[in-house]
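The exercises below are meant to be worked through with the sequence and the model open side by side. Each task is followed by a solution that goes step by step.

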Amino acid sequence: MSGTVVVGVDGSSSSLEAVDIAAQEAKLRGGSLRVVHAFVWPMMKVPLGPSAVGPPEGGLRSVAHRTAEEAAARAKNSQPTVEVTHAVIVGEPLSVLTTESRDAELVVVGTRGLGGFTGLLVGSVAVYLTAHAECPVLVTRGRKHPTGPVLLGVDGSEVGDAAVGWAFEEASLRGAELVALHNWNAWTGPVAAGPSVQVPTYYDVDLYRAEEESVLATALAGWRERYPDVEVTPRLVQEYTRQALIAASEESQLLVVGARGRGGFTGLLLGSVSQAVLHHADCPVAVVRADREHRHAPSSHRGRLTDG
């Protein structure tokens, strides 16, 4: 394995934390790290160079380059054996990072960057990328140095299988236990018609629980054979998925979920569970979309200033 990990930086503390995690991920994979800063100001038609009365190293262009260079230096300092490059690319972050994801093994971003509105739990860039990127996206959040197992949300769907495989791989790379959590409850099936009326469709609770145990076991079976080094703890819980995952994230170093799973509405790119954990998990969250869900975003780089 020798892919490229891409990290988006803007100089914020959140993006610098993302640099640390991205550098670690690159080392684990035996790959390289690409530090990317999206330089939006040329699109605004504003002066980019230094002021006539200011220092020669001033100006928005210089700030952009320093942002990328300092982030790359931080990454190299934390992981000296990792090959680190940096780029300043003209464009807004959503388009730039989505395009970068086409050739990346993983994209890492902070929860919120500069310009984020106070009170927002997760920024628009992070949410957009988890729904549109063409590779897994890791969003840094929660504790700065989380420990514990890799936590996986299992829904038993075909599209969720990509997340299962990625979580096994991540647990193997980290030498960590994998906790695979799957929920069951009497309200999971279809609901009866009627305004604000929910009627459980399963009356044989023991039978339903056994069926969901089988769903969990089946989802893990093939991957367990492929990753015999990973210690797996299946966990069947009787509560709503998002609450269970958020609670379990307090003891985890990473939470892995699929973008959309069983019960998701056709056309939605990011499910309610994925969105909930992005906003409330107590550890970094990786969102993994199935290959067949990958879509070519209409975005493109408008221009490249430099690669370092």
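**Exercise 1: the sides of helix α2**

Sort the residues of α2 into those that are buried and those that are exposed, and say how they are placed around the axis.

Solution. The buried residues of α2, meaning those under 20% relative accessible area with a 1.4 Å probe and protein chains only, are Ala64, His65, Thr67, Ala68, Ala71, Ala72 and Ala75. They lie on the same side of α2, because they cover an arc of only 150° around the axis, the arc being that of the directions from the helix axis to the C-beta atoms. An α-helix has 3.6 residues a turn, so residues three or four places apart point the same way. On the other side of α2, Glu70 and Asn77 are exposed, that is, over 50%, with partly exposed residues in between.

This is a predicted model, in which local features need pLDDT of at least 70 and side-chain atom pairs count only at pLDDT 80 or more, while totals for chains, interfaces and linings use all residues. Residues are numbered from 1 along each chain as its sequence is written, and side-chain values use heavy atoms, with hydrogens and water left out.

**Exercise 2: the span and packing of helix α1**

Compare the expected span of α1 with the distance between its end C-alpha atoms, and find what its buried residues pack against.

Solution. Helices are DSSP runs of H or I with at least four residues, strands are runs of E with at least two, and both are numbered from the N terminus. The expected span is 1.5 Å times one less than the number of residues, so the 17 residues of α1 (residues 13-29) should span 24 Å, which agrees with the 25 Å between the end C-alpha atoms. The buried residues of α1, among them Ala18, Val19, Ile21 and Ala22, pack against β1, β2, α2, β4, β5 and α5, where contact means heavy atoms within 4.5 Å. After α1 comes Gly30, whose phi is positive, near 65°.

**Exercise 3: strand β10 and its partners**

Which strands are joined to β10 by bridges, and in which direction do they run?

Solution. Two strands pair if DSSP finds at least two bridges between them. β5 and β10 run antiparallel and are joined by three bridges, whereas β9 (residues 254-258) runs parallel to β10, with four bridges. Val287 is the bridge partner of Val137 and also that of Val257. Both faces of β10 are covered, with Val285 and Val287 buried on one side and Ala286 and Val288 buried on the other.
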